[in-house]
Amino acid sequence: MIEVAISPVHAGDADLKVCLTNSGPHECLNVIFVIRLPAGVMRLRGQERIGPIWLPPGKTVCEQLRVRAERPGRYRLTSPNFSYQDHNGKPHREASFTAEIIVEPAPAPAPEPRISTELQTRELALGEWTVLRCRLSNVGGSDAEKLELALDGQVTVDERSRRFALDRLAAGATADASFYVRAQEAGPHVPLYFDLTYSGPRGRHPDRTLATVSVSGNPTPAPGFSPPTGELIKVLYLAANPVDPADPGRRGLRVEDEFRAIQQAVSQGRKRDDIRLESRWAVQSLDITQALSSVEPHVVHFAGHGDAKEESIVVGDEYGYIHTIPVDGLVQAFQAVGQSVRCVVVNACSTERLAQALAATGLSVIGMRQPVGDHSAVRFSIGFYQALADGRSVETAFGSGVAQLMMTPLGDDARAPFLLSGGQAARG
């Protein structure tokens with residue numbers, strides 16, 4: 001004899017288990033059970049047919065279906081084909097089988113943590129290193145795990161305090177986080193962004209909070225670079241698009257398109273005859289010092305990928321695979337053979353540390369504080385070189401590049417570029 005057991009489920013999406021058990025003293029052969037769900041209970045996944053199978057005495061076989069029940073209640077499951085043969089080969093068929101499915105109310109969702117981020121520091125002094133404090137409060141109904149908080153915006157954050165991490169923040173508890181920062185621009189409402197992620201019962205939660213801080217003081221004029229009237233300005237374009245062995249299918253960057261866009265922008269400028277473009281492709285480490293020495297450029301433009309961890313540029317090794325150049329190595333290269341350079345454009349994602357290190361040597365440097373899309377990188381270059389080819393200063397050209405991103409925004413790419421002159425943030 002075959003007995004059928006149906007598990008109860010809750011309203012919504014749930015797993016329905018149908019089990020067949022041989023409760024008799026003998027084996028059953030060619031057991032078939034076809035499941036027909038009632039109206040109000042829909043099958044999402046799983047087989048509607050069990051068998052044919054051989055079922056020894058006392059043995060059970062189950063089939064699990066993922067179903068969606070509209071509302072709590074009692075429903076009737078039927079089977080248009082429930083049959084088997086006994087140990088003598090005699091067929092048995094249940095012509096009008098029905099069983100009850102009990103649908104219980106859906107369980108209340110587990111409480112989740114909810115973290116608020118409140119800025120505690122209200123004022124900063126322009127250009128001075130100081131501690132910026134904020135408070136995390138868990139105002140949700142459960143504990144938060146593995147909290148990670150990062151700060152960006154119009155401040156330079158010391159590398160050692162760039163990220164704050166906390167293993168656990170209990171419901172109703174608070175924790176204080178601090179960052180060692182230097183304000184880059186003055187104003188009553190300078191924007192800061194707190195990027196927080198944490199885990200709860202239902203997975204990982206991202207949160208981004210905008211806060212403003214008052215920054216007092218006047219910026220110290222920093223040495224910038226303006227193209228000298230009537231003199232030739234040499235621009236060295238260094239492009240690298242190496243293969244990442246960990247991601248060989250990664251889409252390549254539009255470095256050729258970017259260079260063509262720069263050529264066109266320069267050719268349309270009033271001072272186009274005062275600018276000469278030089279390019280190097282598939283750049284490796286050795287190519288950089290050679291190009292700096294032979295070209296003696298005034299402007300160096302890096303185009304390619306950035307390493308978010310090291311915040312430096314990525315070039316190819318001797319096999320064409322990615323190689324991140326250490327920040328100190330690039331700085332040494334410019335100090336050794338880059339005496340002619342006045343401005344560096346690092347048009348690569350997440351290169352803030354490299355830009356700061358180069359600016360500390362007295363150069364005007366443009367970097368990207370976060371990942372930036374390929375199209376946005378090209379549009380920024382167009383705006384920058386349009387102004388440079390009209391004889392404008394680097395600061396004006398930088399503003400023109402940012403304007404291009406703001407006029408046709410893609411996400412928050414317009415926040416990525418920043419300009420440093422001699423270590424002082426001018427804008428961005």
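**Exercise 1. What share of the contacts in the chain with a separation of 6 or more comes from residues 24 or more positions apart?**

Before solving it, a word on the ground rules. This is a predicted model, where local features need pLDDT of at least 70, side-chain atom pairs count only at pLDDT 80 or more, and totals for chains, interfaces and linings use all residues. Residues are numbered from 1 along each chain as its sequence is written, and side-chain values use heavy atoms, with hydrogens and water left out.

Solution.
- Step 1: take a contact as heavy atoms within 4.5 Å.
- Step 2: among contacts with a separation of 6 or more, residues 24 or more positions apart account for 68%.

**Exercise 2. Decide whether the chain is spread out or a compact globule.**

Solution.
- Step 1: list the elements. There are six helices and 30 strands; these are DSSP runs numbered from the N terminus, helices being H or I with at least four residues and strands E with at least two.
- Step 2: compare radii. The radius of gyration, taken over C-alpha atoms, is set against a globule rule of 2.2 Å times the number of residues to the power 0.38. For 428 residues the rule gives 22 Å, and the chain has 33 Å, well over that value, so it is more spread out than a compact globule.
- Step 3: look at the axes. The C-alpha trace spans about 105 × 50 × 35 Å along its principal axes.

**Exercise 3. Work out the strand order of the open sheet that contains β25.**

Solution.
- Step 1: call two strands paired if DSSP finds at least two bridges between them.
- Step 2: β24 and β25 (residues 312-316) pair in the antiparallel sense over two bridges, with glycine 306 opposite isoleucine 313.
- Step 3: the order is β24-β25-β26, with antiparallel pairing. β24 (306-307) and β26 (322-324) are the edge strands, each pairing on one side only.

**Exercise 4. Find the backbone features at proline 52, alanine 282 and glutamate 296.**

Solution.
- Step 1: the peptide bond from glycine 51 to proline 52 is cis, with omega near 5°. Proline 52 lies in strand β6 (residues 49-55).
- Step 2: alanine 282, in the loop between β22 (275-280) and α2 (285-295), has a positive phi near 50° without being a glycine. Its relative accessibility of 59% makes it exposed (exposed is over 50%, buried under 20%, partly exposed in between, with a 1.4 Å probe and protein chains only).
- Step 3: glutamate 296, in the loop between α2 and β23 (299-303), also is not a glycine and has a positive phi of about 50°. At 46% relative accessibility, glutamate 296 is partly exposed.
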